[in-house]
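Please open the structure in a viewer and keep a selection tool at hand. The tour below proceeds stop by stop, naming what to select and what is found there.

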Amino acid sequence: MPAKSQQDWEVDFNPDVQADSQINYDDAITYWSSTPATVNGVLGGYGEQTSVPKADIVGSSTFLRKLQTRMTIPEGVPKTTIDMGAGIGRITRDLLWKISDSVDLLEPVKPFVAQMETELAGVRSKGRLGQIYDIGMQDWVPDKQYWLVWCQWCVGQLPDDVLVEFWSRCRQALIENGTMIVKENIAPVDDIFDETDSSVTRTDAKFRELFERAGFKLIASDVQKGLPKELYPVRMYCLKSK
């Protein structure tokens, strides 16, 4: 679920229906499976011909630099990361491998997984590419411990209760002082359902409520800068297990 235009979403808002109750996983997979396995495709038309991909990576890198002292782990413990809802692997390719010893990826859309072979060839050659899980977040059962769990533009595909269960598993999969980063579109007043890809954009207040329910404490938060004005704001959250 990429950055999205506010204008497109306004037509889908129905205040009488709980937004996350309308999510249909099969509809989402069908939509994304028909989307080109390119940066432009996974970012909803805001590909490399726009400022979005570069601004996104710069914003994430800046946020992580501010958190360096909060993310330290004992010497000798591997910095293993997992990139959730990874699409074609853009964030791993452009950012996560640079700060990790190894990066796993999770992505249920088969054409995107197939494209990873091309996108992540350089990461593989550097010995930083870990396991690829071609399943949905709701089906993921962690089989290792992680220094960093990265969730970006993907959790809108899960209903609230399912998301809390998923994040609870993420929390249990973190090593001591491990970190989860969530980076998502933010709705202004109420959660909003988008029928195009069967996803929900949530308010900042809703995210904070769900973090609490999943057993996380919020360490830091910041707004992504440099995105086109017609898009919803994008906020980054740094979370630790309570």
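A residue is called buried if its relative accessible area is under 20%, exposed if over 50%, and partly exposed in between. The model shown here is predicted.

**First stop: the annotated positions**

Please select Gly85, Arg90, Met137, Gln138 and Gln152, where UniProt, in an unreviewed entry, places the feature "binding site". Three of the positions named in that record, Met137, Gln138 and Gln152, are visited in turn.

Begin with Met137, in the loop that runs between strand 3 (129-133) and strand 4 (146-152). Is Met137 buried or exposed? Its relative accessibility is 6%, so Met137 counts as buried. Display the residues around Met137: beyond those up to four places away in sequence, Met137 touches Met84, Leu106, Cys154, Val155, Leu158, Phe166 and Arg169.

Next, select Gln138, which also lies in the loop between strand 3 and strand 4. With a relative accessible area of 24%, Gln138 is partly exposed. Setting aside neighbours within four places in sequence, the contacts of Gln138 are Tyr25, Leu158, Val162 and Arg169.

Proceed to Gln152, in strand 4. Gln152 has 3% relative accessibility and therefore counts as buried. Which residues does Gln152 touch, not counting those up to four places away in sequence? They are Asp56, Ser60, Met84, Gly85, Arg90, Ile91, Lys183 and Glu184. Two of these, Gly85 and Arg90, also appear among the "binding site" positions in the UniProt entry. Show side chains here, and a polar contact of 3.0 Å may be traced between the side chains of Gln152 and Trp150.

**Second stop: helix 4**

Two of the residues touched by Gln152, Asp56 and Ser60, are listed among the buried residues of helix 4. Please select the whole helix, residues 52-66. At 1.5 Å a residue, its 15 residues should span 21 Å, and the end C-alpha atoms are 21 Å apart, so the two values agree. The buried residues of helix 4 include Val52, Pro53, Ala55, Ile57 and Phe63. To view what covers the buried residues, add elements including helix 3 (39-42), helix 5 (90-99), strand 4, strand 5 (174-187), strand 8 (216-223) and strand 9.

**Third stop: an aromatic cluster**

A pair of aromatic rings is described by the distance of the centres and the angle of the planes. Nine aromatic pairs are counted in this model. For one of them, select Phe207 and Phe211: the ring centres are 6.0 Å apart and the planes meet at 25°, so this pair is stacked. Phe207 and Phe211 are four residues apart in helix 9 (residues 204-213), which means that about one helical turn separates them. Both Phe207 and Phe211 are buried.

Now add Tyr237, which forms an edge-to-face pair with Phe211, at 5.0 Å centre to centre and 70° between the planes. This pair links distant parts of the chain, since Phe211 is in helix 9 and Tyr237 in strand 9 (residues 234-241), 26 residues apart. Phe211 has 2% relative accessibility and so counts as buried, and Tyr237 is buried with a relative accessible area of 0%. Add Trp167 to complete the view: ring pairs link Trp167, Phe207, Phe211 and Tyr237 into a cluster.

**Last stop: lysines over rings**

Finally, select Lys79 and Trp147; Lys79 lies over the face of Trp147, 5.0 Å from the ring centre. Then select Lys126 and Trp97, where Lys126 lies over the face of Trp97, at 5.0 Å from the ring centre.

Terms used:
Residues numbered from 1 in each chain as written. Predicted model: local features only at pLDDT ≥ 70, side-chain atom pairs only at ≥ 80, totals over all residues. Heavy atoms only, no water. UniProt positions renumbered as here; feature names shortened; annotations may be inferred. Buried < 20%, exposed > 50% of the residue type's maximum accessible area, 1.4 Å probe, protein only. Contact = heavy atoms within 4.5 Å. Polar contact = N/O pair within 3.5 Å; in protein donor to acceptor, adjacent residues only side chain to side chain. Phe/Tyr/Trp six-rings, centres within 6.5 Å; stacked < 30°, edge-to-face > 60°. Lys NZ or Arg CZ within 6 Å of the ring centre and 35° of its normal. Expected span 1.5 Å × (residues − 1).
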